[in-house]
Structures are given as structure tokens and as C-alpha cells.
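Hi everyone, thanks for coming along. I'd like to walk you through one model today, so let's put it up on the screen.

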Amino acid sequence: MMRHSDLSSLIRLNIGGKKFCTTIDTLTRREPDSMLAAMFSGRHTVCQDAEKGYVFVDRDGKHFRHILNWLRDGVVPTLTDSDYSELIREAEYYQLLGLIEGINSILNKRKDDEDSCAELTRTDIIKCIQSERVRFRGIDLSGLDLSKLDLSFVDFSFACLKNVFFSRANLQCAKFRDVDAEGSIFHNATLRECEFTGANLRGALLAVANLQSANLQDACLIGCSFCGANLRSAHLQNADLTDANLEGANLEGANLKGAKLSNANLKGANLQRAYLRHVNLRDTHLEGAKLDGANLLGAIR
């Protein structure tokens, strides 16, 4: 176990085969609530290679140098949109909320500098939500920054919401029926009792979002990240969760009847009293998942 006082101690990291060297101070100072800070805070035992002393982390090391530079200097690198998409997923895994916010700010500025294809602007949305009943049914809002807005009870059904930023927005009881929200960011958003029936959320980021009692029946959730999300009592019947990341998510009492979970990551997830009857779990990663009281009758494991 490493001592918290040894802030200048060198740390050797092996990130998916790529080797890095840094200090405990770098890993813990800028983002003290991150997973990396927790690993090297002295509160946990960190397993090292007995011969070379490297700590192994099973992630793609392609962008880890950007993560280290962020932790050292607080500067977000200049990258392409596709590389930012990859980096934000790594930042989400390591729980680097400051880096996620920084990347979102840069992407928002890029969108402001370009000719937007959206039919409304953020200012238009703010004006609209001041009225009692708001509907954006079937409207193209792709690429807009709607983060941190109160959009509760708004009807977005059938709208195009590709790559929209909903980070930290209040979307309680909002309707997203049959929307195309591929690649949208719902990080840390409030989505309690929302309706996503038939929605396309392929590749969307919903980490740490509150989706308690949300209706995601028949939704396309392929490659979505629900890391640490609250999906308690959520309706996920027939949803396609292929390649989805639900690590550490709370799915207590959720209904997953007919859901596709091929290669889904449910490590450490809470599946107590969840309905998993006849669900194919053969290719699902369930290490450390809580399954007490879950209905697994006929489930394929």
C-alpha cells in the first residue's frame, strides 16, 4: 500500500500496454474525487507488477498522455471531434469531471463558430421554456448546447437530437419518444420518469445520470455509457444494450425482459430484484454484480 504522504513518489503505470511515469501528487491534486485519486490516495491497496513495479489498468492507453497533461497543467488538448469523443469516454471512466466539462466547452464553441443546422438556438430554447407547456416534437435541434437548463416535462418526441449536450440538465418527466439522439451527452442529467420508448441513443453518454423509473422500452442503447447511472426501477424491456457500459450502475428492480446484453459491461452493477427472466447473459460481464433477489428463471448464463 502506498502512503498518502509520499506525494512526490514516482508511479509507473501500464495503461493497456503503454507505459507512463508520473507522481502521486499529479494523480491526486487536480481531480481529488476521481478514480485515479482514489487509487493512489493511500486508502486502497494497489497491486503492482512484482518485477518492474508497474500498476496495470485495463484501458486503451492511446489518450492517457492527454489525461496526464490535464492533471499536470489543467489544459485541454486540441484534438479532432472524433478524438475528443474517445478522450471523453476515457475521462468518464477515470471520473475526471473537470476534463469532461473542458472538452464540452471546446466542442460547444466549435459548434457556435459553425453554421448550425439546428432549427432553433439555445437562446430560442430558453425563451420557449418560460411558457407553461413546451413542445419540440419533430424539430431538428442537433448539436445544440442545452446543458444545465430546466427542461422538465418538455416534449421532444420524434425530434432530431444528435450530439446535443444535455449535461446536468433537469429533464425530469421529459418525453423522448422515437427521437434520434445518437451521440448525445446526458452526463449527470436528471432523467427521472422520462420516456425514451423507441429512441435511438446509440453511443450516447449517460454516465452518472438519474434515470430512476425511466421508460427505455425498445430503445437502441448500443454502445451507450451508463457508468454509475441510477436506473432503479427503469423499464428496459426489449432494449438493445449491446456493448453498453453499465459498470457500477444501479439497476435495482429494473425490468430487462427481452433486453439484448451481448458484451454489455455490468461489472459491479446493482441488479437486486431486477427482472432478467429468459435473458441471455452468456456474453455479459457480471463480475462483482449484485444479483440478490433477481428473477433469473430461464436466464442463459
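Let me start with a question: in which strand is Thr-22 found? Thr-22 is found in strand β2, and we'll come back to that residue in a moment.

First, some ground rules. This is a predicted model, in which local features need pLDDT of at least 70 and side-chain atom pairs count only at pLDDT 80 or more, while totals for chains, interfaces and linings use all residues. Residues are numbered from 1 along each chain as its sequence is written, and side-chain values use heavy atoms, with hydrogens and water left out.

Now the overall picture. The protein has 6 helices and 3 strands; helices (H or I, at least four residues) and strands (E, at least two) are DSSP runs, numbered from the N terminus. The order along the sequence is β-β-α-α-β-α-α-α-α.

How does the radius of gyration fit a compact globule? For 301 residues such a globule would come out near 19 Å, and the protein has 20 Å, which agrees. That radius is taken over C-alpha atoms, and the globule rule is 2.2 Å times the number of residues to the power 0.38. The C-alpha trace spans about 60 × 55 × 25 Å along its principal axes.

Of the 301 residues, 50% are buried. Here buried means under 20% relative accessible area, exposed means over 50%, and partly exposed is in between, with a 1.4 Å probe and protein chains only. Contact means heavy atoms within 4.5 Å. Among contacts with a separation of 6 or more, 22% come from residues 24 or more positions apart.

On to the strands. Strand β1 (residues 10-15) and strand β2 (residues 18-23) run antiparallel and are joined by 6 bridges; two strands pair if DSSP finds at least two bridges between them. Leu-13 stands opposite Phe-20 in β2. The hairpin of β1 and β2 has 2 residues between the strands, and Gly-16 there takes a positive phi near 55 degrees.

β1 also pairs with β3, this time running parallel, through 4 bridges. Arg-12 stands opposite Tyr-54 in β3, and Asn-14 stands opposite Phe-56 in β3.

So which face of β3 is buried? In β3 (residues 54-57), Val-55 and Val-57 point to one face and are buried. Tyr-54 and Phe-56 point to the other face and are not buried. In a regular strand, side chains alternate between the two faces of the sheet.

Back to Thr-22, as promised. With 3% relative accessibility, Thr-22 counts as buried. Leaving aside neighbours within four places in sequence, its contacts are Ser-9, Leu-10, Ile-11, Leu-13, Leu-27, Leu-68 and Arg-72.

One of those partners, Leu-68, takes us to helix α3 (residues 64-73), where the buried residues are Phe-64, His-66, Ile-67, Leu-68, Trp-70 and Leu-71. Just after α3, Gly-74 takes a positive phi of about 75 degrees.

A little further on is Pro-77, in the loop between α3 and α4 (81-93). Is Pro-77 buried or exposed? Pro-77 is buried, because its relative accessible area is 14%. Not counting residues up to four places away in sequence, Pro-77 touches His-66, Tyr-84, Leu-87 and Ile-106. From Pro-77 to Asn-170, 93 residues along the chain, the C-alpha atoms are separated by 29 Å.

Next, two backbone angles to look at. Most residues other than glycine have a negative phi. Glu-193 is not a glycine, yet has a positive phi of about 60 degrees. Glu-193 sits in the segment after α6 (122-128) and is partly exposed at 43% relative accessibility. Asn-263, not a glycine either, has a positive phi of about 60 degrees. The segment after α6 is also the place of Asn-263, and Asn-263 is partly exposed, with a relative accessible area of 38%.

Finally, charge. There are 37 positive and 39 negative side chains, and the centres of the two sets lie 4 Å apart. Lys and Arg count as positive, Asp and Glu as negative, with His and the chain ends not counted; each charge is placed at NZ of Lys, CZ of Arg, CG of Asp or CD of Glu.

That's my tour, and I'm happy to go back to any part of it.
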